[in-house]
Amino acid sequence: MSTLLHSRSRSRRDPGEFDDAGEEEMAGLSAKSDGPPMSKTRRDILHQQIRAIKDELGENDEDEDDVASLEKKMQEAGMPPNVWKHAQRELRRLRKMQPQQPGYGTSRTYLELLADLPWQIASEEHEIDLVAAKERLDSEHYGLSKVKKRIIEYLAVRKLKPDARGPVLCFVGPPGVGKTSLASSIAGALNRRFIRISLGGVKDEADIRGHRRTYIGSMPGRLIDGIKRVGVNNPVMLLDEIDKTGADVRGDPASALLEVLDPEQNKTFNDHYLNVPFDVSKVVFVATANRMQLMPAPLLDRMEVIELPGYTSEEKLRIAMLHLIPRVLEQHGITSEHIDIPEPTVELIIQRYTREAGVRNLSRHLAALARAAAVKVAEKDQSDRHTREMQTEVTQMIDHGGGGLIVEGAEVDMEVEAIGVQRQGSLPLAIKPEPLVVDEAVLEIVLGPPKFDGREAAERVATPGVAVGLVWTEVGGEVLFVESTAMLGKGDLHLTGQLGDVIKESAQIALTWVRARSAELKLPVAEAGSLMKERDIHIHFPAGAVPKDGPSAGVTLVTALVSLFAKRSVRADTAMTGEMTLRGLILPVGGIKDKILAAHRCGIRRVILPERNRKDLQEVPAPILMNMEVSG
């Protein structure tokens with residue numbers, strides 16, 4: 001065995017095994033170590049040989065160049081000292097890795113994120129012009145005076161103290177009332193970049209904090225990714241649909257937002273993927289939601305809620321004439337010369353085709369009218385083009401003194417006398433088309449028959465046992481009909497309409513109260529002794545596919561039951577709301593403005609409210625109150 005090893009060592013030391021090129025290289029190396037410096041030509045030859053060897057091994061100098069450029073980019077990013085120390089450690093680890101190794105791409109992507117984040121880059125802020133901000137808000141949003149006032153106050157504080165830790169504004173209201181556009185207006189007034197992050201349907205905490213880099217396919221959270229995309233560390237960030245987050249086994253995103261929205265903690269926001277603190281205290285956060293009830297109390301405590309109720313019919317009319325119609329015409333490539341939508345027509349659309357708190361459906365109906373006008377304009381343009389082509393052909397034939405016409409496959413010679421013919425080109429065409437004037441007849445053709453009319457409440461309340469209630473939903477106020485009927489039975493109460501536990505309890509309380517006070521209510525003598533003797537009561541809430549819950553239907557349930565037992569119909573122009581206790585006390589409820597606006601949209605002119613809700617009438621526009629009778 002020792003003999004074999006000795007022979008192998010001799011074979012490795014045998015110079016005869018080297019080829020001529022190897023001898024030249026060894027000679028060059030020995031000359032470099034013992035003799036004068038290597039010549040430039042010899043150095044170039046060695047570099048070429050080294051590149052050839054690296055190509056054979058799959059290595060490349062481009063990787064080293066990329067790492068060097070990445071290091072330079074990281075140096076220019078302006079990281080804090082603790083972050084830079086961490087980045088250098090990761091960079092040294094990257095240099096020791098080969099590109100073919102599994103962790104090379106992950107480590108490189110992480111370092112690129114550190115280099116791309118705006119550690120020191122911020123939007124250049126000019127002095128806030130409150131007058132210009134007011135003009136911009138007025139030009140982009142009609143009404144909303146209370147909301148605009150609060151935004152101007154917010155901007156005034158920012159102007160006096162730019163580094164002030166202002167509150168996180170949360171705009172709460174039904175869809176289509178301008179919550180997102182208000183956040184964009186704030187960004188414009190502050191001269192900052194604007195980014196929107198949608199949180200609707202987010203159930204994973206990692207969407208906020210990011211995934212840990214130990215997981216395959218890990219990535220930073222939406223906040224860090226949004227700041228990277230916007231390129232500055234002080235944007236206006238809109239957290240849209242913050243009430244639509246959920247919670248499951250992967251965590252609670254709403255709880256992760258507590259650190260983000262807390263001014264005492266967000267200076268060192270720690271993303272799981274980033275794994276180093278990042279300062280998000282310079283970001284102006286604005287949130288939007290449809291319902292406050294769905295948000296956790298700690299998260300709600302970190303925000304200042306500004307409610308945006310629905311628009312009145314007059315406000316919708318002004319918004320349509322000033323904003324919606326010009327925007328819709330521009331989007332469809334037509335002008336006011338092609339279509340004329342007068343104010344009475346817009347009022348008909350609002351009253352008969354839309355019953356919403358916002359203006360989105362109104363915008364869709366206006367877009368349908370614009371499309372009808374676009375079809376007419378396109379057909380007219382095509383017809384005019386064909387006519388001009390025919391005129392050009394006839395003019396060319398006249399200029400040549402005659403020609404042939406092809407009629408049904410046969411060529412017919414035709415002489416054209418030049419006497420009295422004016423060769424001044426083709427006849428002028430009327431380029432300006434006649435505008436499509438939208439009236440009631442055009443509305444029925446384009447939008448179909450009206451969806452709503454003023455006779456709905458009168459028709460449904462014509463029989464005893466039916467009452468009109470007012471409820472609040474996430475899309476604004478709504479009118480709710482309550483129907484009750486009696487039948488032979490065992491004294492049971494039946495409830496239908498996809499109801500929640502609270503509204504079921506309200507129905508039971510209402511029936512108990514009516515039975516206890518049947519004599520005071522002067523119900524028929526035959527039924528005064530026992531209203532439920534040998535009879536069942538069935539109460540139904542129409543629109544059974546829509547879930548319903550809440551205590552505000554208590555007064556409506558009592559009214560429907562009294563109407564049923566007394567066999568007297570309720571006034572069709574009256575709606576009511578309020579929670580009722582077992583002793584008959586009427587407790588206040590919320591959403592008064594939205595409910596009154598919903599009653600006004602449905603043509604109801606009399607509303608019954610709890611006495612303690614009268615203070616909420618200050619938020620209702622004066623023109624609405626002048627046309628309605630509110631009693632408590």
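Let's start at Lys567: its relative accessibility is 62%, so this residue counts as exposed, the cut-off being over 50%. Keep in mind that what you're looking at is a predicted model. To find Lys567, go to the loop between α21 (554–566) and β16 (574–576). Its backbone has something worth a look as well: phi is positive, at about 60°, even though Lys567 isn't a glycine.

Asn275 has a positive phi too, about 65°, and it is not a glycine either. You'll find Asn275 in the loop that runs between β4 and β5 (277–278). With 43% relative accessibility, Asn275 counts as partly exposed.

**The chain as a whole**

Now step back a little. The chain has 632 residues, and 40% of them count as buried. Its secondary structure adds up to 23 helices and 20 strands. If you take the contacts between residues at least 6 apart in sequence, 75% of them join residues at least 24 apart. On the outside, the chain exposes about 35,400 Å², with carbon and sulfur atoms supplying 52% of that area.

**Two aspartates around α12**

Next, have a look at either side of α12 (253–261). Asp252 sits in the loop between β3 (236–240) and α12, while Asp262 is in the loop between α12 and β4 (269–270).

Is Asp262 buried or exposed? Asp262 is buried, because its relative accessible area is 13% and the cut-off for buried is under 20%. The side chain of Asp262 makes a polar contact with the side chain of Arg302, at 3.4 Å.

Asp252, for its part, counts as partly exposed, with 26% relative accessibility. Which residues does Asp252 touch, once its neighbours within four places in sequence are left aside? They are Glu205, Gly246 and Ala247. Take Glu205: 47 residues separate it from Asp252 in sequence, yet the two are 5.4 Å apart in space, C-alpha to C-alpha. The side chain of Asp252 also reaches into α12. A polar atom of that side chain lies 3.2 Å from the backbone nitrogen of Ala254, and there is a polar contact with the side chain of Ser255 at 3.0 Å.

Here are the residues whose accessibility has come up so far:

| Residue | Relative accessibility | Class |
|---|---|---|
| Lys567 | 62% | exposed |
| Asn275 | 43% | partly exposed |
| Asp252 | 26% | partly exposed |
| Asp262 | 13% | buried |

**The second largest pocket**

Finally, there's a pocket to explore. The second largest pocket holds about 610 Å³ of space. It is lined by 26 residues, and those closest to its centre are Gly176, Val177, Gly178, Ser181 and Arg327. Four helices, α7 (130–140), α9 (179–190), α14 (313–331) and α16 (360–399), are the elements that give two or more residues to this lining.

Which element supplies the largest share of the lining of the second largest pocket? That is α9, with five residues. As for chemical character, the lining residues of this pocket divide into 11 polar, eight charged and seven nonpolar.

Key: Residues are numbered from 1 along each chain as its sequence is written. This is a predicted model: local features need pLDDT of at least 70, side-chain atom pairs count only at pLDDT 80 or more; totals for chains, interfaces and linings use all residues. Side-chain values use heavy atoms; hydrogens and water are left out. On a 1 Å grid over the protein atoms alone, a cavity is a set of points where a 1.4 Å probe fits but cannot get out, and a pocket is an open set with protein on both sides within 12 Å along at least five of seven lines; lining residues have an atom within 4 Å of a point. Grid points are joined across faces, edges and corners, and a volume is the space filled by probe spheres set on the points. Ala, Val, Leu, Ile, Met, Phe, Trp, Tyr, Cys and Pro count as nonpolar, Asp, Glu, Lys and Arg as charged, and the others, Gly among them, as polar. Buried means under 20% relative accessible area, exposed over 50%, partly exposed in between (1.4 Å probe, protein chains only). A polar contact is a pair of N or O atoms within 3.5 Å; within protein, one must be able to donate a hydrogen and the other to accept it, and residues adjacent in sequence count only if both atoms are side-chain atoms. Contact means heavy atoms within 4.5 Å. Accessible areas come from the Shrake-Rupley method with a 1.4 Å probe; for residues, only the protein chains shown count as cover.
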